[in-house]
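Trainee: Could we take a close look at one helix and the sheet it sits on? I would like to follow how the parts fit together.

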Amino acid sequence: MTERALEGLIEALRRLPGVGVKSAQRMAFHLLQHDRDGARRLATALTHAVQDMRHCQRCHTFTEAEVCSTCLNPARDARQLCVVETPADQAALERSGSYKGLYFVLMGRISPLGGVGPAEIGADELLARADDGVVEEVILATGFTAEGEVTSHALAQALRARGIKATRLARGVPAGSELEYVDLSTIAHAMGDRR
């Protein structure tokens, strides 16, 4: 491996959230020095995921099929639609075991300073899905960050203007937190005590 290849690996690892130069270097050196098989598996898994993963046509989460297994599951309660910012947030809710309805993944949040508005997060698709005659409640499970609150408020107004019941997770989830980092018990209580 040339020095240029090592630098390329470190730079690639730095693209991960929360990974700085030193962490990326540690990972690169570990993979090359102690776990070359793991490095090959990681490369194969990344290649496979990038080539084969797409967004579900109904909820926008990641899936290999056109429609994900959650959306196709007849045991899910189609009367409830939970709106989350990311697939990681959806996975956190699923791990809590507190929610049995369907999802809509925004793949982001409204950020006026970042130039992200309702159109960029699929608000129109969400409204169409919520207005399908089956959905009775839309649960807004965006993060309790400033952008998450703006997103929740804008979506709640649009949903209520169409006569669709919109609820918000209870404040059991700490302000400023991301759902994927909140403990499962807190998520379960927040889901149960939503308003």
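Mentor: Happy to; here is a walk from helix α7 to the sheet, ending with a pair of rings. This is a predicted model, in which local features need pLDDT of at least 70 and side-chain atom pairs count only at pLDDT 80 or more, while totals for chains, interfaces and linings use all residues. Residues are numbered from 1 along each chain as its sequence is written, and side-chain values use heavy atoms, with hydrogens and water left out.

Let's begin with the helix. Helices (H or I, at least four residues) and strands (E, at least two) are DSSP runs, numbered from the N terminus. Helix α7 covers residues 146-161, and its 16 residues at 1.5 Å a residue should span 22 Å (1.5 Å times one less than the number of residues). The end C-alpha atoms of α7 are 23 Å apart, which agrees.

Now for its two sides. Buried means under 20% relative accessible area, exposed over 50%, and partly exposed in between, using a 1.4 Å probe and protein chains only. The buried residues in α7 are G148, T151, S152, L155, A156 and L159. Seen down the axis of α7, they fall within an arc of 125°, so they line one face of the helix; the arc is that of the directions from the helix axis to the C-beta atoms. On the face turned away from this buried side, α7 carries the exposed residues A146 and A161. After α7 comes G163, with a positive phi near 80°.

What covers the buried face? The cover includes β3 (77-84), α6 (123-130), β5 (137-140) and β6 (165-168), where contact means heavy atoms within 4.5 Å. α7 lies across β3, β5 and β6 and runs at about 160° to β6. Such angles run from 0 to 180 degrees between N-to-C directions, with axes fitted to C-alpha atoms, for helices over the stretch in contact.

The sheet itself is open, with four strands in the order β4-β3-β5-β6 and parallel pairing; two strands pair if DSSP finds at least two bridges between them. At its edges are β4 (101-105) and β6, each pairing on one side only. β3 and β5 pair in the parallel sense over four bridges, and L81 has V138 in β5 as its bridge partner. Helix α5 (residues 87-96) also packs on the sheet, touching β3 and β4.

Finally, the rings: Y99 is buried at 2% relative accessibility, and Y103 is buried at 1%.
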